[in-house]
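Hi there,

Here is the structure I promised to pass along. Have a look at it first, and my notes follow underneath.

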Amino acid sequence: NAKALMQSGRVNEFYDEILKAVWGYMSDKLNIPLSQLSKENMASELMKRGCDDAVIAGLTRVLDEGEFARYAPGDTGAKMDEVYRMTLSAISKLENSIKR
């Protein structure tokens, strides 16, 4: 969905979808209800599972970028491709990190 929104230039919807997808993914992956999930407990749980610090930082950066772009004024449309690629990379690295 995020890719389609990015391609159609729907900036706010794109960032909403990125945030929803990452939070939902992390909730499922860590078995923590969305209502109880935060960046802090996500990072803590990933550390407990032996996840690399760089992977945790990448996921946190995706969330930070998405929240900043979504809620801060300015032209955030130009960064959509970068945020999309960062999101794919962060999730892929997490999958590889947890499989080890």
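Which pattern does the chain follow when read along the sequence? The answer is α-α-α-α-α, and the secondary structure amounts to five helices with zero strands. Please keep in mind that this is a predicted model.

On overall dimensions, the C-alpha atoms occupy a box of roughly 40 × 25 × 20 Å along the principal axes. The radius of gyration of the chain is 13 Å, in agreement with the value near 13 Å that a compact globule of 100 residues would have.

Some totals for the chain may be handy for you. Of the 100 residues, 38% are buried. Taking contacts with a separation of 6 or more, 61% are between residues 24 or more positions apart. The exposed area of the chain is about 5,900 Å², and 50% of that is supplied by carbon and sulfur atoms.

I also went through helix H4, which covers residues 53-71. Its 19 residues, at 1.5 Å a residue, should span 27 Å, because the expected span counts one less than the number of residues. The end C-alpha atoms of H4 are indeed 27 Å apart, so the two values agree.

At the start of H4, Asp 52 places a side-chain oxygen within 2.9 Å of the backbone nitrogen of Ala 54. Further along, the buried residues of H4 include Val 55, Ile 56, Leu 59, Val 62 and Leu 63. Glu 65, Gly 66 and Ala 69 in H4 are buried as well.

Happy to talk it through whenever suits you.

Best wishes

How values were computed:
Residues are numbered from 1 along each chain as its sequence is written. This is a predicted model: local features need pLDDT of at least 70, side-chain atom pairs count only at pLDDT 80 or more; totals for chains, interfaces and linings use all residues. Side-chain values use heavy atoms; hydrogens and water are left out. Helices (H or I, at least four residues) and strands (E, at least two) are DSSP runs, numbered from the N terminus. Buried means under 20% relative accessible area, exposed over 50%, partly exposed in between (1.4 Å probe, protein chains only). A polar contact is a pair of N or O atoms within 3.5 Å; within protein, one must be able to donate a hydrogen and the other to accept it, and residues adjacent in sequence count only if both atoms are side-chain atoms. The radius of gyration is taken over C-alpha atoms; the globule rule is 2.2 Å times the number of residues to the power 0.38. Contact means heavy atoms within 4.5 Å. Accessible areas come from the Shrake-Rupley method with a 1.4 Å probe; for residues, only the protein chains shown count as cover.
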